[in-house]
Amino acid sequence: GSPDPNALRRLFASFCRYAVSRYRGEAPVEETAIAPQDHDGTEPEWAADERMLAELEAMSLSETEKHALVRTRINQSGFRQKLLERWDGRCSVTGLAHADILIASHIVPWSKCTTPKDRWSPDNGLMLPPGLDKAVELGLVGFDAKGKIILSNRAERLDVQGGLGISRTHAIRNFHLYPGLIPYLEQHRRLHERTLAR
């Protein structure tokens, strides 16, 4: 059925409260559910995001609506901030220095992650411009075990490379500093083995 407009408004209002609280450096508001704890007894910073997304999953929304709201939440979260810091506010591949247009992209998609750690680990993320983000999501572009770009047959076209701002010589910047990326890139290649097969 159609999503409940009131539920969507409540979810959007919660997103806004969360974004404001993060901007002000405050603790997220209205967090009353029992939360997981880190080894030192404190709540992991991703716990509030997990609860919000669990609430989102329980709503009667289309997959497209859920996907859009999940992406909104991720790009308001500490996940994005960690990626911006890791990649110096630049694209992880091209070095594009316009953080305001970059997306906090998951290497292994949110829906394929089996643990909160995988969903929120910066090792499962890259900062990418929208076109390249979508190309990675669709498996048109991947990366090998050394961080070098892999182009699918469709992405080999020069007009596609030009549109995405990439070439077959690109690689993840400073890849050697982040060995934690390797298993996520491997899983991404397995998920898209048909399109990325050479």
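Among contacts between residues at least 6 apart in sequence, 62% connect residues at least 24 apart. The structure is a predicted model, and its chain has 198 residues, of which 43% count as buried. The mean pLDDT of the chain is 81.

**Confidence**

- A pLDDT of 70 or more is reached by 78% of the residues.
- Residues 19-37 have a pLDDT below 50, and this stretch makes 26 contacts in the model beyond near neighbours in sequence.
- Where pLDDT is low, the predicted coordinates should not be read in detail.

**Secondary structure and surface**

- The chain contains nine helices and four strands.
- Read from the N terminus, the order of the elements is α-α-α-α-β-α-β-α-β-β-α-α-α.
- The exposed area of the chain is about 11000 Å², with 54% of it supplied by carbon and sulfur atoms.

**Nonpolar core**

- The largest nonpolar core comprises 40 residues.
- The members that touch the most other members are Trp-87, Leu-126, Leu-132, Val-141, Phe-143, Ile-172 and Leu-181.
- Helices that each supply at least two residues of this core are α2 (47-58), α3 (63-74), α4 (78-86), α6 (130-138) and α8 (181-191).
- Strands β2 (125-128), β3 (141-143) and β4 (149-151) likewise each supply at least two residues of the core.
- Leaving aside neighbours within four places in sequence, Trp-87 is in contact with Leu-126, Ile-172 and Leu-181, among others.
- Further contacts of Trp-87 under that restriction include Ser-92, Gly-125, Met-127, Arg-173 and Tyr-178.

**Aromatic arrangement**

- Three aromatic pairs are found in a search of the whole structure.
- In one of them, Trp-110 and Trp-120 have ring centres 5.0 Å apart and ring planes at 80°; the pair is therefore edge-to-face, given that planes over 60 degrees apart are assigned to that class.
- Trp-110 lies in the loop between β1 (103-106) and α5 (116-120), whereas Trp-120 belongs to helix α5; the two residues are 10 apart in sequence, and the pair links distant parts of the chain.
- Trp-110 and Trp-120 are both buried.
- Phe-79 joins Trp-110 and Trp-120 in one aromatic cluster.
- Arg-119 is positioned over the face of Trp-110, at 5.4 Å from the ring centre.
- Trp-110 thus has two kinds of partner in the model: the ring of Trp-120 in an edge-to-face pair, and Arg-119 over its face.

Key
Residues numbered from 1 in each chain as written. Predicted model: local features only at pLDDT ≥ 70, side-chain atom pairs only at ≥ 80, totals over all residues. Heavy atoms only, no water. pLDDT = per-residue confidence, 0-100. Contact = heavy atoms within 4.5 Å. Core = buried A, V, L, I, M, F, W, Y, C linked by side-chain atoms within 4.5 Å. Buried < 20%, exposed > 50% of the residue type's maximum accessible area, 1.4 Å probe, protein only. Phe/Tyr/Trp six-rings, centres within 6.5 Å; stacked < 30°, edge-to-face > 60°. Lys NZ or Arg CZ within 6 Å of the ring centre and 35° of its normal. Areas by Shrake-Rupley, 256 points an atom, 1.4 Å probe, with all protein chains shown as cover.
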